[in-house]
Amino acid sequence: MYNYKILYSGVINLDLQQIKNIDKQYYMNTFGERLPVAFEKGEGMKLYSTDGEEYNDFLGGIAVNSLGHSNPKFINALKEQLDKLIHTSSLYYIENQALLAKELCENSCADKAFFASTGAEANEGAVKLAKIYFYKQNKEKYEIISLDKSFHGRTLATVALTGQEKYQKPYRPLTPGIRQVEPNNIDAIKEAITDKTAAIMIELVQGEAGVYPMDKDYVRDLRKLCDEKEIILIFDEVQTGMGRCGEYFAHQYYGVEPDIFTCAKALGGGVPIGAIGAKDFVAGAFEPGDHGTTFGGNPFSTAAGLAVFKIYKEDNILENVKKMSSYFVDKLSELKNIYKDKIVDLRYAGLLIGVELEESIAKTVFNALFEKKYLTSLCKNTLRLAPPLIITKEDIDAFISALKTTLEEI
Ligand SMILES: *Cc1c(COP(=O)(O)O)cnc(C)c1O
């Protein structure tokens with residue numbers, strides 16, 4: 001047996017090997033061989049592992065920890081809420097829920113909001129809303145078009161929306177009425193539209209695919225097309241939302257308003273919360289009993305969302321994203337010029353950055369950065385960077401130097 005203490009808050013004093021052993025025995029193996037590290041605390045851009053090593057977080061829990069780790073203002077707000085109330089049912093009014101809905105609408109193109117607990121759940125809700133909008137008008141419009149290489153989540157309907165064979169294959173037959181077409185190709189969308197098309201759902205920047213921003217013209221054309229054909233345009237902003245691209249939402253960065261958008265990852269600063277934002281005309285299709293959730297928008301998760309908004313304003317987070325994005329991209333472009341045959345492409349929107357590497361070296365570069373204590377993620381050949389939005393020039397300089405050394409070495 002292992003020698004460990006169980007506290008009310010969980011288990012402590014395990015080393016990595018002990019954690020791995022228990023994980024192997026008891027946790028479903030959906031993540032395979034994970035990176036050999038477990039973290040026990042964090043501060044700002046830093047994460048500290050159970051074996052006392054310091055890591056630099058350039059992934060931010062995959063675009064979640066926008067305020068960094070253990071942000072004191074954020075933690076205080078959470079503690080204050082914990083001392084009052086964690087959860088009540090949505091049978092009652094919830095102050096934080098109402099206030100966060102107001103905040104979300106005032107800082108986006110939405111008129112109304114609804115809260116879920118994850119990105120996938122928000123996307124499911126968005127699609128339900130588009131469908132019920134036509135259902136209530138007795139219109140037979142229920143088909144949904146999404147894009148190849150997209151990622152919309154892991155539930156059954158969002159897997160059907162996710163244009164990647166590996167995620168869909170084991171779960172066939174998939175939710176019917178959903179199909180994918182080539183991204184950035186307006187003719188492909190036109191061909192796929194039928195008189196039954198209810199909605200088109202896209203990511204403005206395909207994050208999971210390796211950071212592929214959509215062309216502005218394409219997004220504008222989509223908007224026009226949806227207006228002409230009476231189709232609901234849905235932006236999945238689960239990854240791009242809440243400041244990642246330098247505006248609160250990527251639809252502001254693009255200057256194109258969807259009818260519905262979703263948001264999750266960074267919205268709760270690490271506390272699980274997802275959101276649907278919608279224009280009044282479509283939001284009104286949800287009437288009492290049409291949709292619901294137990295946890296979505298509870299007092300604790302919406303306190304987290306409110307704190308995130310408040311700190312963004314007080315600490316000028318969006319300003320920092322813009323400045324640091326251009327600084328980071330300039331530095332990466334310099335590297336790309338030096339290592340032309342190693343860095344193949346550079347794609348970004350704000351602080352969602354993809355550094356596409358030559359195929360044969362991508363995995364080696366990723367591993368070498370991990371060895372140097374830099375956390376990133378690898379999407380095929382592309383290093384995806386989604387650091388906390390509090391990042392500084394010094395953090396960026398240190399990363400650039402680590403990447404440069406790595407590219408020099410291999
Ligand atoms: C992460 C992500 C999702 C899924 O969010 P979950 O919280 O994991 O369900 C959906 N869409 C996009 C664009 C994402 O990046």
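## Close-up views of a predicted model

**View 1. Helix H13 lies across strands of an open sheet.** Helix H13 (residues 317–338) lies across E15, E16 and strand E19 (382–385), in contact with them (heavy atoms within 4.5 Å), and runs at about 170 degrees to E15; such angles run from 0 to 180 degrees between N-to-C directions, with axes fitted to C-alpha atoms, for helices over the stretch in contact. Helices (H or I, at least four residues) and strands (E, at least two) are DSSP runs numbered from the N terminus. This is a predicted model, in which local features need pLDDT of at least 70 and side-chain atom pairs count only at pLDDT 80 or more, while totals for chains, interfaces and linings use all residues. Residues are numbered from 1 along each chain as its sequence is written, and side-chain values use heavy atoms, with hydrogens and water left out.

**View 2. The sheet beneath this title has 4 strands in the order E15-E16-E19-E18.** The sheet is open and its pairing is antiparallel, where two strands pair if DSSP finds at least two bridges between them. Strand E15 (343–349) and strand E18 (377–379) stand at the edges with a single partner strand each, so one side of each has no neighbour in the sheet. From one strand to the next, the twist averages 25 degrees. Between E15 and strand E16 (residues 352–357) there are 6 bridges, and Tyr348 has Ile353 in E16 as its bridge partner. Helix H14 (residues 362–371) lies across E16, E18 and E19, at about 170 degrees to E18.

**View 3. Another open sheet has 7 strands with mixed pairing.** The order of the strands is E6-E14-E13-E12-E9-E7-E8. Strand E12 (residues 232–236) and strand E13 (residues 260–263) run parallel and are joined by 3 bridges, and Phe235 stands opposite Phe261 in E13. Helix H9 (residues 216–229) lies across strand E7 (143–147), strand E9 (197–202) and E12, running at about 145 degrees to E12.

**View 4. Residues including Thr118, His152 and Lys265 surround the ligand.** A residue counts as near the ligand if one of its heavy atoms lies within 4 Å of it. Helix H5 (residues 119–135) gives the largest share of this shell, 3 residues. Among the polar contacts (pairs of N or O atoms within 3.5 Å), an oxygen atom of the ligand is 2.9 Å from a polar backbone atom of Gly119, and a nitrogen atom of the ligand is 2.7 Å from an N or O atom in the side chain of Asp236.

Methods:
Polar contact = N/O pair within 3.5 Å; in protein donor to acceptor, adjacent residues only side chain to side chain.
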